[in-house]
Amino acid sequence: MSSPTGPASGLPVRMPRPRQPGRHRRPEPLVAPEGAPALVLAVPGTPSSATRSLADEVISIARSELPGLDARVGHLDGDDAEFPSLSAVLVSAADERAARFEQARAAGLDVNEPDGPVAVVVPLLAGPDNALLRRIRQAVMDSKIAAELTDVLGPHPLLAEGLHVRLSEAGLARADRARLFTVATAADGIILASVGGDEAVQAAGITGMLLAARLAVPVIAAALDEEGSIASVAEQLRSSGSQQLALAPYLIGPEIEASVLREAAKEAGCATAEPLGPYPAIGKLALAKYTTALGISPQQPQGTPVR
């Protein structure tokens, strides 16, 4: 039983752990600066409860990595009611920042009028898609709000890791080559499916090389939005000796209808993994784009080593 001054005699006392000195000391956890711009995730595709759930999970991951982060979701095709549009979210962020300033000034606080961007807009896209990026940029301009637009999330080693995980979840790849267990349905050739034309295929190819190193099988990128591209790559892989192919969507999910993936897999005569979805790396990469834009984090998240 404890006394008012501490634990009863004989009970251990938990003492605070001293900070580790020197260069091996753990860094202080990063927190969002006071008054920092909002992170606004620009979500493409037709809004739905599934899309909103995916975006919310990505935002949750980003918040867990940076306490105090003001993070919001803006739908490119939002209706401003159930699914707020990107422009509406930017206007709301600006109004709230102005209201906080007025409240602080009314309270007699010595505060500077806010300047700089109201928000940093991060496209929820694994690779470049010029058509979608033009629409996101136009939505930012239409809002008339000072906002900074970042690059897309890839290419990045963490996306190769995510693709590997999705393939292994579908039984199309070994989860860990180091353990040397067999997967009867493991693919010996991967079609990396992207959207956004030639530029997107080239960008996906960079991540594809990282994925090929992880799986030790050939990986070739192809365009879902280019007729015949998936079938052509499937034939190329088969002619080079691959017999059991798999489709790996280089997509987060909302960019394209699920039926397009099913048709592409049918065209190639192979199974398909799920899109990247709310894989933890997606939230970390979105946050990295935000912190890099603000200059508060010099490094992007690192991928796990190839096993």
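## A four-stranded parallel sheet and its helices

In this predicted model, four strands form an open sheet in the order β6-β5-β7-β8, and their pairing is parallel. The edge positions belong to β6 (219-223) and β8 (271-272); each has a single partner strand, so one side of each is left without a neighbour in the sheet.

Let's start at the β8 edge. Here β7 (residues 245-249) joins β8 in the parallel sense through 2 bridges. Leu-247 has Thr-272 of β8 as its bridge partner.

At the other edge, β5 pairs with β6, again in the parallel sense, over 5 bridges. Within this pairing, Leu-192 sits opposite Ala-221 of β6. The connection is worth following in the viewer: β5, helix α5 (residues 197-215) and β6 build a right-handed β-α-β unit. And how much of β6 is buried? The count is 4 of its 5 residues, so β6 is largely enclosed by the rest of the structure. An edge strand, then, with one side lacking a neighbour in the sheet, yet with 4 of 5 residues buried.

Two helices can be placed against the sheet by their direction relative to β7. Helix α4 packs on the sheet and touches β5 (189-194) as well as β7. Helix α7 lies across β5, β7 and β8.

| Helix | Residues | Strands | Angle to β7 |
|---|---|---|---|
| α4 | 157-169 | β5, β7 | about 130° |
| α7 | 258-268 | β5, β7, β8 | about 155° |

Both β5 and β7 thus appear in the α4 row, and they return in the α7 row together with β8.

Note on methods. Residues numbered from 1 in each chain as written. Predicted model: local features only at pLDDT ≥ 70, side-chain atom pairs only at ≥ 80, totals over all residues. Heavy atoms only, no water. Pairing = 2+ DSSP bridges. Contact = heavy atoms within 4.5 Å. Axes fitted to C-alpha atoms, helices over the stretch in contact; angles between N-to-C directions. Buried < 20%, exposed > 50% of the residue type's maximum accessible area, 1.4 Å probe, protein only. Right-handed = clockwise from strand over helix to strand, strands pointing away.
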